[in-house]
Structure formats: C-alpha cells, structure tokens
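Hi,

Here is the structure I said I would pass on, with the sequence alongside. Have a look, and my notes follow underneath.

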Amino acid sequence: MHLTAQEQQQINELVAEVEAASGAQFIVAVIGKADAYPEIPWKAFALGAVSSALLVAGVEFEFARWPVPPGILPGLMVVLAAGLVFALLAVFVPILGRLLLDRVRARVEVEQYARAVFLERGMFQTRRRVGVLVLLSLFEREAAIVADAGVQQYVAREQIEAIVEQAASLVRKGRIVEGARCALTAIASHLAGRLGAAAGANELPDAPVEERGS
C-alpha cells in the first residue's frame, strides 16, 4: 500500500536484526493519515472565499465605470466556487492540506493513533513487556514510538522524544525506510545488554504493518 516489496523486505530484515540484538519485540507501522482533519477543507474554503471576495471587490472597484451585471449574484457565485475549489484541493492534494494542518494537533493525532495500534496488535502481551511500536505517518510526516514497561525502564521519555524527532525528519524527506531504521537502531542501542538474550520465540511479526488510516 505505502511500501514497495523491497522496502517491506528491508524493514522485515531490520526488525529481525534489532530484535536479536536488543531482546525487545518491534513492529513498524506505516499509515497514510492519522485523522480525517475535517477542519482543513473548511479552512481552505474560507481562504478561497475570502481571497476571491477581495478579488471581486477589487475588480468591481477598479472597473466601476464598466457595465456590470445587476445584483450581487455573479460575485457571490465566484466566491462560493472559489471556496469549493480550495476545499477540494485541500482534500485531494496532500501538500496543500498540510499547509493548513496544525502541527501540534498533527503530532497528538499520530501519537494517539500509535497507541491504538499498540493495543489493537496486543503488543502489551509480550512475556517481558518489551513490545515497541514505531509508527510513521505519511500525511502528517510525523513519527511516534510506543514502548511497553519493560523498555521504558531503560529508555527515558526524553530519549524517545529525541528519537521520534530524528525519525520524523527523515519521513519529511520521504525516506521512510531510513526513518524506521533510525528509530529501531537508536532504541536497540539504548537497550543493548540490558534485556539479556532475546527470547526464543518471535512474539510479534517482523513484517511492517501498513494501514490507510483515517
């Protein structure tokens, strides 16, 4: 869906590698969008409507001596049409939608989505509570990491936040596999020699999870 077959294989092999080195259990999830953000098309509609209203007013003021259609209906139709076009562009052209995206809210939504995936996948059920989810969201160009209790005792929240920012910076450049690699290897390095040998059974699938999202 979001990854090529080669990228899926790369992440699969990387997960197996860091699990063997750290003793933790990892899942990488790549999603399209963490939330529908219904406010984005409304913001775009308002922007288009205001911009076109100013344009219509300017044209009528500049060319007032020219014959113009009676009433306000033509100008109103232009304003509404422009607002609708802007709204549709914000929905179907991601780069335009991101311009109207509140970055703080985006990060919160990605974190919430990551927690939901962590629970839905039963990552809290590993025997030593060492499940770690690395989630990368394409629309928001953000990352999130959810770690179980057995990992949190060795990796501080501040360290996880720093890793998330490094991974997100790669996602913003379209380097999804590199973002996953950055997060996985950084967490594994913090856990090196602390969890002991990896458990015999692989408790979580190594293949990346791909979801369309909201």
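Let me start with the largest pocket, which holds about 400 Å³ of space. Its lining is made up of 15 residues, and the closest to the centre are Glu-111, Arg-115, Ile-145, Arg-157 and Ile-160. Bear in mind that this is a predicted model. Three elements each supply at least two residues of that lining: α5 (103–120), β3 (142–147) and α7 (157–171). Strand β3 gives the most, with 5 residues. By type, the lining of this pocket divides into 9 nonpolar, 1 polar and 5 charged residues. As background for anyone you forward this to, rolling a probe the size of a water molecule over the atoms shows where empty space is left.

Of the residues closest to the centre of the pocket, I looked further at Ile-160, which is found in helix α7. Is Ile-160 buried or exposed? At 13% relative accessibility, Ile-160 counts as buried, because the cut-off for buried is under 20%. Leaving out residues up to four places away in sequence, Ile-160 touches Ile-145, Ala-147 and Val-155. Ile-145 is another of the residues closest to the pocket centre. There is also Ile-187, which sits 27 residues from Ile-160 in sequence, with 7.8 Å between the two C-alpha atoms.

Just after that, a word on Asp-148, which lies in the loop between β3 and α6 (149–152). Asp-148 is buried, with a relative accessible area of 4%. What does Asp-148 touch, not counting residues up to four places away in sequence? The answer is Phe-118, Met-123, Phe-124, Thr-126, Arg-129, Val-130 and Gly-131. Asp-148 also has a long-range pairing to look at: its C-alpha atom is separated by 9.8 Å from that of Gln-25, although the two are 123 residues apart along the chain.

Now for the overall layout. The protein chain has 8 helices and 4 strands. From the N terminus on, the elements run α-β-α-α-α-α-β-β-α-α-α-β. There are 214 residues in the chain, and 42% of them count as buried. For contacts with a separation of 6 or more, residues 24 or more positions apart account for 78%.

One helix pair is worth pulling up on screen. Helix α1 (residues 5–22) and helix α8 (residues 176–191) pack at an angle of about 5°, with their axes 9 Å apart. The two are therefore roughly parallel to each other, since angles under 35 degrees count that way. On the α1 side, the residues that meet α8 are Glu-7, Gln-10, Ile-11, Leu-14, Val-15, Val-18 and Ser-22. Their partners in α8 are Val-177, Ala-180, Arg-181, Leu-184, Thr-185, Ala-188 and Leu-191. Sorted by type, the residues of this contact divide into 9 nonpolar, 3 polar and 2 charged.

Within that contact I picked out Val-15, which is found in helix α1. Val-15 is buried, with a relative accessible area of 0%. Leaving aside neighbours within four places in sequence, Val-15 is in contact with Phe-26, Val-28, Leu-184 and Asp-206. Leu-184 is one of the α8 residues in the helix pairing above. Val-15 and Pro-205 are 190 residues apart in sequence, yet 9.1 Å apart in space, C-alpha to C-alpha.

Last, some backbone angles, which you may want to check for yourself. Most residues other than glycine have a negative phi. Which residues go the other way? Tyr-37 does, with a positive phi of about 50° although it is not a glycine. The place of Tyr-37 is in the loop between β1 (25–33) and α2 (39–62), and Tyr-37 is buried, with a relative accessible area of 0%. Arg-141 has a positive phi too, of about 55°, and is likewise not a glycine. Arg-141 is placed in the loop between β2 (131–137) and β3. At 31% relative accessibility, Arg-141 counts as partly exposed.

That is what I have for now. Shout if anything is unclear.

Cheers

Technical notes
Residues numbered from 1 in each chain as written. Predicted model: local features only at pLDDT ≥ 70, side-chain atom pairs only at ≥ 80, totals over all residues. Heavy atoms only, no water. Axes fitted to C-alpha atoms, helices over the stretch in contact; angles between N-to-C directions. Parallel < 35°, antiparallel > 145°, perpendicular 65-115°, else oblique. Contact = heavy atoms within 4.5 Å. Nonpolar A, V, L, I, M, F, W, Y, C, P; charged D, E, K, R; others polar. 1 Å grid on protein atoms, 1.4 Å probe; cavity = no way out; pocket = protein on both sides within 12 Å on 5 of 7 lines; lining within 4 Å. Points joined across faces, edges and corners; volume = space filled by probe spheres on them. Buried < 20%, exposed > 50% of the residue type's maximum accessible area, 1.4 Å probe, protein only.
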